[in-house]
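Q: Please take a close look at a single part of this model. Start from one residue and its surroundings, then set other local features beside it.

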Amino acid sequence: MRQITRKILAVLVLAISLLGLTACGSTASTETEISYDENYLHSVADFLISNWSEMPQEKIAQYAVMDAEEVEAMISRYGLPFTADAFTTAFAGYEGSAAELGTYVSTDSYEEPEIRGDEITLVTNLTYENRAAKLSIVFNEKSVAQSVTLDPKYSTGEILKKAGMNTILGMGTVFIVLIFISLVIYCFNFIPGNQAPKKEEKPAPKPRPAKKPVSKPSAQPEENLVDDKELVAAITAAICAYSGTSSDGFVVRSIRRAESSKWKRA
C-alpha cells in the first residue's frame, strides 16, 4: 500500500512539474508585481483532490497528524508545493468533512485567482455525493501553498437548524448549571454546623436599686465632762460671778453644749 501511495505522489508531482514548465500562459499583476501560472495553481488543487479521493482513510488520517519533520522530509523528497503546516491542515480538513461530503463526483470550476498583497488565492468549486464544497488554497509569491481550506456548502435550512441546535444546547447548558448550583446551595441547609447562628437574646435590663435616703447626721451625744475638774471649776466660778452667789449652794452634775446663737446673745 505504501508503494502505491508513493507512486501516486510521484506521478502527480511529475504532472505538476510538467504543467509548470510547459504552461504557455502566465498572468501578472501590475499592482503587486507577482507573477503566477494559473494552470500550475489548478494542478496543485487537482493534486489534493485526487489524493483525497484515491487514498484510503487510514492514510489520510496518518497525513493529518504527521510530525512536522516527517512532512518537511517528504516535501523535500517529492518536491511538493506545500508548506508543512498547509499539507497536514489540508488532510486534516478533508478528514473532518469526508463523512458529510461523501464520494467525490467532479470539479466544477476554478475561480479567477485573487491577489492580496503577496498572496494568491485560488478557489475551486467541487461536487461530492452529498453536497457541494469549496476548496480555497492560498499561495505565496513563489506559488507554494501555505494555507488550504475545504468548506462544505450547506443549505439555508441546514444552517438555521444548526444555529437553532447550538442556541438550544448553549442555553440549556446554562440553565442546567444554574439549577445544579441552586440545588447545591439548598443542600447546605441540611449540613450540620452550617446553620445560621441564632441571634443572641439580650438580657433584660436590671432594675436600678432604689436610692437610699440620705440620713441626716445624728445629734452628737451629750458629752459628760464632769470628770474634767478644771473645766467644772471654771464654769462654776463663772456662774457664781454672774449670779453674785457662792458655790456652796449648788453642784454641777452635767455640762451640755449650748446652741451658738444663745452664746452670741449672751
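A: What follows starts at R131 and then moves on to other local features.

The model is predicted. R131 sits in the loop that joins β5 (119-128) to β6. Is R131 buried or exposed? R131 counts as buried, because its relative accessibility is 16% and the cut-off for buried is under 20%.

Which residues does R131 touch, leaving aside neighbours within four places in sequence? The contacts are E100, L101, P152, K153, Y154 and E158. With E100 there is also a polar approach: the backbone oxygen of E100 lies 3.5 Å from a polar atom of the R131 side chain. G102 belongs in this picture too. R131 and G102 are 29 residues apart in sequence, yet their C-alpha atoms are 7.8 Å apart in space.

Two of these contacts lead further. Take P152 first. P152 touches R131, and P152 also touches S97. L150 is another contact of S97, again not counting residues up to four places away in sequence. S97 belongs to helix α5, residues 84-101. S97 is buried, with a relative accessible area of 8%.

Now take Y154. Y154 is in contact with R131. K162 lies over the face of the Y154 ring, 3.9 Å from the ring centre.

Return to the loops. S143 lies between β6 (132-139) and β7 (145-152). S143 is not a glycine, but has a positive phi of about 65 degrees. Most residues other than glycine have a negative phi. S143 is buried, with a relative accessible area of 8%.

Helix α5 also takes part in ring packing. The model has eight aromatic pairs. One of them joins Y63 and F91 edge-to-face, at 5.2 Å centre to centre and 70 degrees between the planes. The Y63–F91 pair links distant parts of the chain: Y63 is in helix α3 (residues 57-64), F91 in helix α5, 28 residues apart. Both Y63 and F91 are buried. Ring pairs link Y63 and F91 with F47, F82 and F87 into a cluster. Another ring pair is Y186 with F190. Their planes stand at 75 degrees and their centres are 5.4 Å apart, so this pair is edge-to-face. F190 counts as exposed, at 58% relative accessibility.

Helix α4 covers residues 68-78. Which residues of α4 are buried? They are V71, M74, I75 and Y78. Seen down the axis of α4, these buried residues fall within an arc of 100 degrees, so they line one face of the helix. The other side of α4 has E69, S76 and R77 exposed. At the N-terminal end, D67 caps α4. A side-chain oxygen of D67 lies 3.1 Å from the backbone nitrogen of E69. Just after α4 comes G79, with a positive phi of about 70 degrees.

Charge pairing comes last. How many salt bridges does the structure hold? It holds one. The side chains of E114 and R116 meet in a salt bridge, 2.8 Å from N to O. E114 is partly exposed, with a relative accessible area of 39%. R116 counts as exposed, at 58% relative accessibility.

Back to the starting point. R131 is a buried arginine at 16% relative accessibility, set in the loop between β5 and β6.

Notes. Residues numbered from 1 in each chain as written. Predicted model: local features only at pLDDT ≥ 70, side-chain atom pairs only at ≥ 80, totals over all residues. Heavy atoms only, no water. Buried < 20%, exposed > 50% of the residue type's maximum accessible area, 1.4 Å probe, protein only. Helix = DSSP H or I, 4+ residues; strand = E, 2+ residues; numbered from the N terminus. Arc of directions from axis to C-beta. Polar contact = N/O pair within 3.5 Å; in protein donor to acceptor, adjacent residues only side chain to side chain. Salt bridge = Lys/Arg side-chain N within 4 Å of Asp/Glu carboxyl O. Contact = heavy atoms within 4.5 Å. Phe/Tyr/Trp six-rings, centres within 6.5 Å; stacked < 30°, edge-to-face > 60°. Lys NZ or Arg CZ within 6 Å of the ring centre and 35° of its normal.
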